[in-house]
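The following exercises ask the reader to examine a structure step by step. Each task is followed by a worked solution.

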Amino acid sequence: MLAIDVKDLRKQFKVQKNREGLSGALKDLFKREYNEVTAVKDISFQIPQGEICGYIGENGAGKSTTIKMLTGILVPTAGHIKVNGYVPYKDREQFVGGIGVVFGQRSQLWWDIGVIESFQLLRKVYRVSEADFRKRLDNLVERLQLGDLLNRPVRKLSLGQRMRCELVASLLHNPSILFLDEPTIGLDIVVKTEIRDFLLEMNREHGTTILLTTHDLQDIEALCSRVIMLDDGRIIYDGGLDDLKSRWSKGREIQFQFAGHTPLAKLQQLTEELAVTWSLENDVTAKMWLPHEVNVSDALSKVVAGTEIRDIKIFETNTDDIVRSIYSSGSAEVSKETSGQ
Amino acid sequence: MRYAELFWEYLKNYAKTRLTYRADFWIEVLSDLLFQGMNLIFILIVFQHTPSLGGWSEAEVVFVYGFFMIPFGIFSTFFSIWNFSERYIVKGEMDRVLTRPAHNLYQVLLENVDPPSLIGSFVGAVIMVICWTQLGLPFHVMDIVMLLVFVIGAVLIYAGLYTALSALSFYSDAPTGIVPLMYNIQNYGRYPVNIYNKMIRFVLTWLLPFAFVGVIPASYFLEQKADDLSRLAWFTPIMGIIVFGLGLAFWNNGVKRYRGAGS
């Protein structure tokens, strides 16, 4: 069954145009002009149950707007959405009982009261029975190590502690879909890892579908089997992470450190038959760039045969670089041409 | 039933957070009472210059004011959403409210309950009782029932108008200055409406029916006047249901236009 089914989803905002200067402000007072801004442009995607899907894109690409439509906060301008079998904005009150939402930048908990009191209140709001609540809370508290935090007021928690509490708060009613909007923003690496492990475990044990937006691509690498990439309101990539990597990373780079001075000409001559390119870093160091078609061991054996080598380093293009280059080109289409070569 | 339970839970949380700041609590009670006291003193000063106002005696006008304080106190307790636009729209806290399974207006109201305002209602009731005896009005058991019906109707009128006002921020970009304006208009409803000209009277009775929160239902208990406002008293609960219904519909429609804030 599909957890999320989105078809031709669009959201337009009317944005007031502010004219410049005092005279502009006066004109605005009497006659306003509006710009139609389309934040999400007819996107379609489907997420089956039990999948962890990363939703990435630059700031302002329309990620949050999509998440807000999926959670029923915003009403779409056009298109169809079905999440968990509901149209989110229509049957909102029933629908939200089956989902969990964490907005990394906004707290769900009550600022002044103890964490446990917030949880108790949420228990009432979500109509969770006392027994279920106890069982789930004990479990979550143990896994996320919240034991001694429960009686502290939220305002006295660190960001990492608060974030773990937010996660618990969003899971108390055992939702089948979890929406996370930048869940690891501003957290240190220990807490990040802890949260990632926890999410993976939950996905494995309960089959919880997770859709998360993030700017941290390590989140994606650690968690997601699938990535949807958004740019300027359109989906520019939808597929596996490995697929994205192999399509976009055009090759690898190998750095050699030689025993003595090795001229560029000699290196180029050694690897004549292969489609590699060389660049000298300094007298004894050179970098060889080789596309995917070229076998690493072939290239290495050629170089090793003709030179004396002190050290070798291989650089794989990482996801950050890939995503950066996709963002800057504004489309993942280019990758098809490259891979087709 | 579930909503009543939720109300109780939120109230407990209110108590936990607010009662820790005891001074703050009492200052609020005191400032509320001072505010009401000033209004009352204004009435007393007016009556130092004239024995009657459009056929209404001092005790009667004070009686009306006492009645007004009861629904107003209840309204202020449950509809303390003056900062709705700032907190929920501009800062985007409505996001959180909308992802929870209870009616969004109800949640917003519960998050802002302000029980100290109820003290105003008690003071109002005391004022009513004092004037009641002073005026030597007859007392029937039915009066209690009618008082309850009128108070509920009046609270609904206020609730509907202010729900609609708060919902305006869903439609308009910036918070508007209309709330203070409304706050001033509502004060006119406490005085006998026949002292105003026809236009204002019509507005206060049928368009912004603040007269139904004060003078009209209160006149039911007083001696009949020439223009017999008390005939209209029966409309109080009906007006309440209509106004609140419209306010709620306007709100629900507004929620659909909510645009969220920031990222």
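The model shown is predicted.

**Exercise 1.** Determine with which residues A:Leu264 is in contact, leaving aside its neighbours within four places in sequence, and decide whether A:Leu264 counts as buried or exposed.

*Solution.* Step 1: locate the residue. A:Leu264 lies in helix 10 of chain A, which covers residues 264-270.

Step 2: list the contacts. Once neighbours within four places in sequence are set aside, A:Leu264 is in contact with A:Trp278 and A:Leu280.

Step 3: apply the cut-off. A residue is exposed if 12 or fewer other C-beta atoms lie within 10 Å of its own. A:Leu264 has 11 C-beta neighbours inside 10 Å and therefore counts as exposed.

Step 4: set sequence beside space. A:Leu264 and A:Ser249 are 15 residues apart in sequence, and their C-alpha atoms are 25 Å apart.

**Exercise 2.** Identify which side chains of strand 12 of chain A point to the buried face, and describe how strand 12 pairs with strand 10 and with strand 11 of chain A.

*Solution.* Step 1: follow the side chains along strand 12 (residues 285-291) of chain A, where they alternate. A:Ala286, A:Met288 and A:Leu290 point to one face and are buried. A:Thr285, A:Lys287, A:Trp289 and A:Pro291 point to the other face and are not buried.

Step 2: examine the pairing with strand 10 (residues 251-258) of chain A, which is antiparallel and runs over seven bridges. Here A:Ile254 stands opposite A:Met288.

Step 3: examine the pairing with strand 11 (residues 277-280) of chain A, which is antiparallel over four bridges. In this pair, A:Leu280 stands opposite A:Ala286. A hairpin of four residues joins strand 11 to strand 12 of chain A.

Step 4: relate the buried face to a core. A:Met288 and A:Leu290 belong to a second, separate core of eight residues, which also includes A:Phe256 and A:Leu267.

**Exercise 3.** State the strand order of the open six-stranded sheet in chain A, and name the strands that helix 2 of chain A touches.

*Solution.* Step 1: read the order, which is 5-6-7-3-8-9 with mixed pairing.

Step 2: find the edges. Strand 5 (99-103) and strand 9 (234-240) of chain A each pair on one side only. From one strand to the next, the twist averages 15°.

Step 3: take one pair within the sheet. Strand 3 (residues 52-57) and strand 7 (residues 209-213) of chain A are parallel over four bridges. The bridge partner of A:Gly54 in strand 7 of chain A is A:Leu212.

Step 4: add the helix. Helix 2 (residues 63-70) of chain A packs on the sheet and touches strands 3, 6, 7 and 8 of chain A. The direction of helix 2 makes about 150° with that of strand 6 of chain A.

**Exercise 4.** Describe the contact between chains A and B, and determine which helix of chain B gives the largest share of the side that touches chain A.

*Solution.* Step 1: count the residues. Chain B contributes 20 residues to the contact and chain A contributes 26 residues.

Step 2: find the elements of chain B. Helix 1 (2-18) and helix 5 (94-98) of chain B each supply at least two residues of the side that touches chain A. The largest share, six residues, comes from helix 1 of chain B.

Step 3: classify the residues. This side of chain B holds five nonpolar, six polar and nine charged residues.

Key
Residues numbered from 1 in each chain as written. Chains lettered and ligands numbered in written order. Predicted model: local features only at pLDDT ≥ 70, side-chain atom pairs only at ≥ 80, totals over all residues. Contact = placed C-beta atoms within 7 Å. Nonpolar A, V, L, I, M, F, W, Y, C, P; charged D, E, K, R; others polar. Pairing = 2+ DSSP bridges. Axes fitted to C-alpha atoms, helices over the stretch in contact; angles between N-to-C directions. Buried ≥ 20, exposed ≤ 12 C-beta atoms within 10 Å, placed from the backbone. Core = buried A, V, L, I, M, F, W, Y, C linked by C-beta atoms within 7 Å.
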